[in-house]
Amino acid sequence: MKKLVILSALFLSACSQLPHLGADKATPLKTDAMPTPAVPVPAPVEDANEVANNDTTVAMATDFEHIFIDSDMTFEGVLPCADCPGINYHINLYRDGRFEARQEYLERGQVQLMSGSWLLDKRTLHLVNQQSTLPVFHFRSNRQLVMTDLSGKPILSSDAYQLNRQDSVRKIDQRQPMLGMYQLRNNQATFIQCQSGESLPVANTQNHLPMMRLYQQDPRFNNKAVITTLVGRKAADQNGIDTLYVDKFEQFWPNATCPDQFAQKKLQGIVWRAEKVADRYVPHQLNVRLIFDKDKLYGFSGCNNFNASYQQRANTISVQQLASTRKFCAEASSIEQQFTEKLQQADRAEVNADKLQLFYNNQVILELVPALN
């Protein structure tokens with residue numbers, strides 16, 4: 001081994017003594033020229049964020065150029081808006097390649113829900129949706145997304161362009177069907193949920209306006225509280241006050257009351273939700289409902305509104321032909337057809353415990369329960 005080292009040293013020494021040729025490759029360069037000064041090596045700069053080596057960091061070699069979405073993630077934050085105080089973003093990234101996003105324009109109450117697939121190029125995240133264009137983000141770390149500019153570079157000049165990862169995955173659509181007492185006074189509406197008794201101010205948003213107009217135009221209401229069904233969500237307004245945001249108004253139910261689980265049930269004055277049609281359970285999200293009001297009934301059959309006259313003597317009942325709107329909803333058409341047919345067939349009605357049962361030839365054809373939401 002020592003002989004090999006000595007031979008290598010002699011070889012390198014011999015190489016260093018070779019003459020240097022000039023541009024014409026014939027004349028040796030002068031060897032008495034001034035030696036080339038050594039290039040100074042810059043001292044290493046310490047990074048305050050650098051993690052010192054230890055047994056763990058040495059053992060775990062990490063490629064920091066790549067981010068892996070190998071678990072479901074939720075990111076939230078408020079991004080700038082050109083004509084509003086900001087856009088509240090909630091993005092769920094799923095490890096199977098899907099994403100869901102929720103945009104809420106602050107002070108407008110306008111909400112958009114989107115879904116699609118995500119594409120990840122190193123640290124650049126693209127959210128692909130056929131109907132909408134979403135911002136492109138850069139993974140600054142596995143806990144922070146930063147919006148990119150038009151050239152594709154992350155905007156690091158301000159914290160206003162970042163979304164932060166939450167500790168747990170949160171459901172993105174917080175809307176839910178609600179039933180409660182709605183009242184409008186001096187253009188300020190309140191809503192008291194029947195199920196919880198909670199009273200909430202109603203935000204004057206675009207989706208609330210048709211509800212307000214219908215209430216104002218109906219002489220039966222006249223600033224009185226009326227049962228209503230809607231799809232909405234509870235959220236804090238800009239002052240931190242819990243507020244109801246209406247996403248979809250369904251209808252008012254005059255002469256109805258909040259169901260009382262301790263009171264003896266009666267046929268009239270209760271909003272009933274269809275639970276079973278014959279032996280088939282009705283999906284809750286269709287919100288098939290009706291109310292018996294004196295000599296008329298009306299309701300929602302999953303896609304269309306309907307009404308009809310009916311007659312009742314003791315437990316016998318006779319429902320006349322329904323009048324209905326004529327919309328088509330693929331997901332509800334089968335249930336809707338069965339429900340309306342059975343309702344018109346009914347010849348007897350009984351309230352048993354917490355259920356309303358409608359019979360035909362002594363067979364239960366419809367089962368309904370008081371609607372709580």
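The following exercises, each with a worked solution, introduce a predicted model of one protein.

**Exercise 1. Overall composition and confidence**

Determine how many helices and strands the protein has, what share of its residues counts as buried, and where pLDDT stays under 50.

Solution. Begin with the inventory: the protein contains four helices and 23 strands. Turn next to burial: of its 373 residues, 38% count as buried. The contacts add a further view, since among those between residues at least 6 apart in sequence, 47% join residues at least 24 apart.

Confidence is the last step. The average pLDDT is 81, and 81% of the residues score at least 70. Residues 1–34 stay under 50, and the model has eight contacts beyond four places in sequence for this stretch. Residues 47–51 also stay under 50, with one contact beyond four places in sequence. Where pLDDT is low, the predicted coordinates should not be read in detail.

**Exercise 2. A sheet of five strands**

Establish in which order the strands of the open sheet of five strands stand and which strands stand at its edges.

Solution. The order is 11-10-9-12-13, and the pairing is antiparallel. Strand 11 (199–201) and strand 13 have a single partner strand each; they therefore stand at the edges, with one side of each left without a neighbour in the sheet. Neighbouring strands of this sheet are turned against each other by 40° on average, direction ignored.

The pairings can now be followed one at a time.

- Strand 9 (residues 176–185) is joined to strand 10 (residues 188–193) by six bridges. G180 has Q193 of strand 10 as its bridge partner.
- Strand 9 is joined to strand 12 by seven bridges, and the two run antiparallel. Here M181 stands opposite I227 of strand 12.
- Strand 12 pairs with strand 13 (residues 242–253) over 10 bridges in the antiparallel sense. L230 stands opposite F249 of strand 13.

**Exercise 3. Strand 12 and its hairpin**

Explain why strand 12 is described as largely enclosed, and state how many residues lie between strand 12 and strand 13 in their hairpin.

Solution. Strand 12 covers residues 226–236, and eight of its 11 residues are buried; the strand is therefore largely enclosed by the rest of the structure. The hairpin formed by strand 12 and strand 13 has five residues between the two strands. One residue of the turn, G240, has a positive phi of about 80°.

**Exercise 4. Helix 3 against the sheet**

Identify which residues of helix 3 are buried and what covers them.

Solution. Helix 3 spans residues 209–217, and its buried residues are M211, M212 and Y215. These residues lie on the same side of helix 3, because they cover an arc of only 100° around the axis. The cover over them includes strand 9, strand 12 and strand 13. The helix lies across these three strands and runs at about 50° to strand 9.

**Exercise 5. Helix 4**

Find what distance helix 4 reaches from its first C-alpha to its last, and which of its residues are buried.

Solution. Helix 4 (residues 333–345) has 13 residues and reaches 18 Å, close to the 18 Å expected at 1.5 Å a residue. Its buried residues are I335, E336, F339, T340 and L343. They cover an arc of only 120° around the axis, which puts them on the same side of helix 4. A general rule fits this kind of question: an α-helix has 3.6 residues a turn, so residues three or four places apart point the same way.

**Exercise 6. Individual residues**

Decide whether Q193 is buried or exposed, and locate N186 and A278.

Solution. Q193 belongs to strand 10. Its relative accessible area is 15%, and because buried means under 20%, Q193 is buried. Leaving aside neighbours within four places in sequence, Q193 is in contact with M178, L179, G180, E198 and L200.

For the other two residues, the background is that most residues other than glycine have a negative phi. N186 is not a glycine, yet its phi is positive, at about 50°. It is found in the loop between strand 9 and strand 10, and at 78% relative accessibility it counts as exposed. A278, likewise not a glycine, has a positive phi of about 55°. A278 is found in the loop between strand 14 (272–277) and strand 15 (280–281), and at 30% relative accessibility A278 counts as partly exposed.

Key:
Residues numbered from 1 in each chain as written. Predicted model: local features only at pLDDT ≥ 70, side-chain atom pairs only at ≥ 80, totals over all residues. Heavy atoms only, no water. Buried < 20%, exposed > 50% of the residue type's maximum accessible area, 1.4 Å probe, protein only. Pairing = 2+ DSSP bridges. Expected span 1.5 Å × (residues − 1). Arc of directions from axis to C-beta. pLDDT = per-residue confidence, 0-100. Contact = heavy atoms within 4.5 Å. Axes fitted to C-alpha atoms, helices over the stretch in contact; angles between N-to-C directions.
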